[in-house]
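Reader: I would like to learn how to read a fold, one feature at a time. Could you walk me through an example?

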Amino acid sequence: MSNKVYIVGAGPGDYGLITLKAVECIKNADVLLYDRLVNPDFLELKKDTCEVIYVGKESSNHIVPQDQINRILIDKFNEGKTVVRLKGGDPYVFGRGGEEAETLYDEGIEFEVVPGVTSAVGGLCYAGIPVTHRDYSSSFHIVTGHSKKDDQNEINWSSLAKEKGTLIFLMGIGNIEHIVKQLIDNGKEPNTPVGFVSWATRYNQKTTLSTLKDAKACVERENIKAPTIFVVGDVVKLADKLNFFEKKPLFGKNIVITRSRAKNSELRKKLEEKGARVIEIPTIDIKSMESSKSIIKNKINGINGYDYLAFTSYNSVKYFFDILKLYRFDLRKLANVKICSIGAATTRELEDRGVLPDITSERFDAVSLAGEISKNSIGKVLFPCSEIAGTDLQKCLENKGFAVDRVEIYSNKVNYSERERVVDAFRNSDVDFITFTSSSTFENMIELMGHENMELLEKCKIISIGDITTKTIKSKISNNVFQSKEVSMESMVEKMIELL
Ligand code: SAH
């Protein structure tokens with residue numbers, strides 16, 4: 001397949017407001033050029049080998065001049081690369097996408113353009129402002145508010161001011177005085193409702209409502225800055241009713257969650273659905289342990305010598321099954337052992353692999369699982385686990401006469417490379433909540449941040465998932481530690497909402 005240049009709209013910022021086609025382009029790109037208004041989370045979709053070039057520009061301060069961007073597109077294409085030029089919103093709405101496409105055409109370069117949700121429509125939508133409405137407006141006009149002193153030739157202010165439809169100005173904040181004056185001087189009613197929507201569709205979206213005559217004072221008073229959409233018209237009256245986004249329960253809250261790279265973040269999704277800004281810190285670096293693979297292989301070959309197979313973490317299931325696959329063991333090899341699990345994530349991982357555990361414990365701790373197992377006949381337990389897994393399960397079972405064969409199959413190391421990021425997150429944003437889903441994630445976080453930064457944790461509310469985790473946290477921090485009612489992500493989210 002021949003290479004191409006794709007000019008791609010990334011939408012206004014919300015991770016969900018990008019097209020499937022744009023995602024496909026990012027995944028296939030050899031070179032990715034992106035702007036300031038593109039949500040940087042999209043970069044995580046790229047291939048490991050993809051070259052990433054930031055060509056962001058502030059409205060007055062062009063970091064990479066347009067002709068240089070064009071040059072990069074041409075040169076990278078000529079090197080045989082698939083080039084993706086990712087732009088905020090829609091590439092043809094004041095994004096210079098048209099100019100870039102023309103350049104490519106002139107150079108005889110094959111290209112495609114992928115439209116995106118423009119902030120002018122999608123951004124206003126998230127602020128509760130429909131651009132048209134049968135009662136208020138039957139057209140909308142998207143206008144550049146760019147500060148060109150002599151814009152009389154570009155914008156017909158007298159017809160714009162007479163227009164009954166919604167007027168949407170992008171890049172207009174620096175020029176607000178001029179825009180307002182032109183509209184009022186040309187006959188627009190000074191009491192017309194106006195709205196400012198900054199960082200639309202993002203966690204830090206802010207909607208400010210005013211009137212045309214007070215618009216400039218409002219920008220100064222509220223310190224409104226780019227990127228902001230300035231909207232003029234009666235549809236603004238609907239914002240209070242229809243602003244579903246800023247009304248989400250956790251909107252405006254900063255929440256730090258911990259995760260290991262190997263785990264996909266269910267909690268993150270749930271929190272974002274509720275409007276929170278999630279700062280995800282991979283506190284632990286989890287890796288399978290090479291040396292354990294052949295040990296597990298031998299154990300499975302001798303699986304008939306075991307009565308139980310116990311899992312106490314999501315990762316133990318994952319790495320154990322990876323080993324089964326590596327050595328091409330069929331799942332039916334495990335048919336005669338009783339499978340034991342603690343924790344919803346562990347059980348779900350087993351179920352996703354077609355195994356419904358025989359023994360589970362209601363409570364997320366090793367002692368209660370040991371209690372459940374010991375209700376059955378005494379036997380031998382294979383326990384694949386992390387190198388730092390606690391010894392409670394073993395001890396309790398051994399006290400009751402069981403034999404436990406512990407095999408450490410993955411390592412669990414503190415990810416010190418994240419120290420700066422996590423400390424900055426606490427220093428630079430008001431963190432409202434931090435969540436811990438196990439004792440080890442808490443201990444790792446302390447280790448990662450350094451004991452000297454403990455006071456940063458004490459400033460926010462700490463949400464813990466179970467008794468043991470809470471106990472561990474409380475041994476170090478006395479205030480503001482809260483435990484979710486149940487051992488589940490949903491319940492943690494509910495706890496945060498309850499504490500607001
Ligand atoms: N192609 C983009 C617009 C580029 S011009 C689109 O279709 O949305 C840049 C201007 O767009 C900014 O100055 C601001 O006025 C507006 N803008 C873009 N994204 C925005 C966002 N998330 N929130 C508020 N304004 C935004």
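Author: Happily; we will go from domains to a sheet, then to a helix and a single residue. Please keep in mind that this is a predicted model.

Reader: Let's start broadly. Which domains does the assignment give?

Author: A domain assignment splits the chain into parts, and a part may be made of separate segments. Here the assignment gives domain 1 (5–116), domain 2 (121–246), domain 3 (254–283 + 415–498) and domain 4 (286–411). Between the C-alpha centres of domain 2 and domain 3 there are 39 Å.

Reader: What does the UniProt annotation cover?

Author: In the unreviewed UniProt entry, residues 266–494 carry the annotation "domain: Tetrapyrrole biosynthesis uroporphyrinogen III synthase". That stretch is 43% helix and 24% strand, with its end C-alpha atoms 14 Å apart.

Reader: Now the sheet. In what order do its strands lie?

Author: Read a sheet by its spatial order rather than by chain order. This open sheet of 5 strands runs β3-β2-β4-β1-β5, and the pairing is parallel. At the edges are β3 (51–54) and β5 (111–114), each of which pairs on one side only. From one strand to the next, the twist averages 15°.

Reader: How many bridges join β2 to β3?

Author: Strand β2 (residues 31–34) is joined to β3 by 4 bridges. Within that pair, L33 stands opposite I53 in β3.

Reader: And which helices pack on the sheet?

Author: Helix α2 (residues 66–78) does, touching β1 (5–9), β2, β3 and β4 (83–87), and its direction makes about 150° with that of β4. Helix α3 (residues 97–106) packs on the sheet too, touching β1, β4 and β5, with a direction about 170° from that of β1.

Reader: How should I look at one helix, say α11: how far does it reach?

Author: Compare its span with the expected one, then look at its burial. Helix α11 (residues 314–326) reaches 18 Å from first to last C-alpha, close to the 18 Å expected at 1.5 Å a residue. Of its 13 residues, 10 are buried, including Y314, F320, F321 and L324. Just after α11, R328 takes a positive phi of about 55°.

Reader: Last, a single residue. Why is V113 classed as partly exposed?

Author: V113, in strand β5, has a relative accessible area of 26%, and it is classed as partly exposed because that value falls between the 20% and 50% cut-offs. Leaving aside neighbours within four places in sequence, V113 is in contact with I7, P91 and Y92. Y92 is 21 residues away along the chain, and the C-alpha atoms of V113 and Y92 are separated by 8.9 Å.

Methods. Residues are numbered from 1 along each chain as its sequence is written. This is a predicted model: local features need pLDDT of at least 70, side-chain atom pairs count only at pLDDT 80 or more; totals for chains, interfaces and linings use all residues. Side-chain values use heavy atoms; hydrogens and water are left out. UniProt positions are given in the numbering used here, feature names are shortened, and annotations may be inferred rather than shown by experiment. Helices (H or I, at least four residues) and strands (E, at least two) are DSSP runs, numbered from the N terminus. Two strands pair if DSSP finds at least two bridges between them. Axes are lines fitted to C-alpha atoms, for helices over the stretch in contact, and angles run from 0 to 180 degrees between N-to-C directions. Contact means heavy atoms within 4.5 Å. The expected span of a helix is 1.5 Å times one less than its number of residues. Buried means under 20% relative accessible area, exposed over 50%, partly exposed in between (1.4 Å probe, protein chains only). Domain bounds come from an automatic or database domain assignment.
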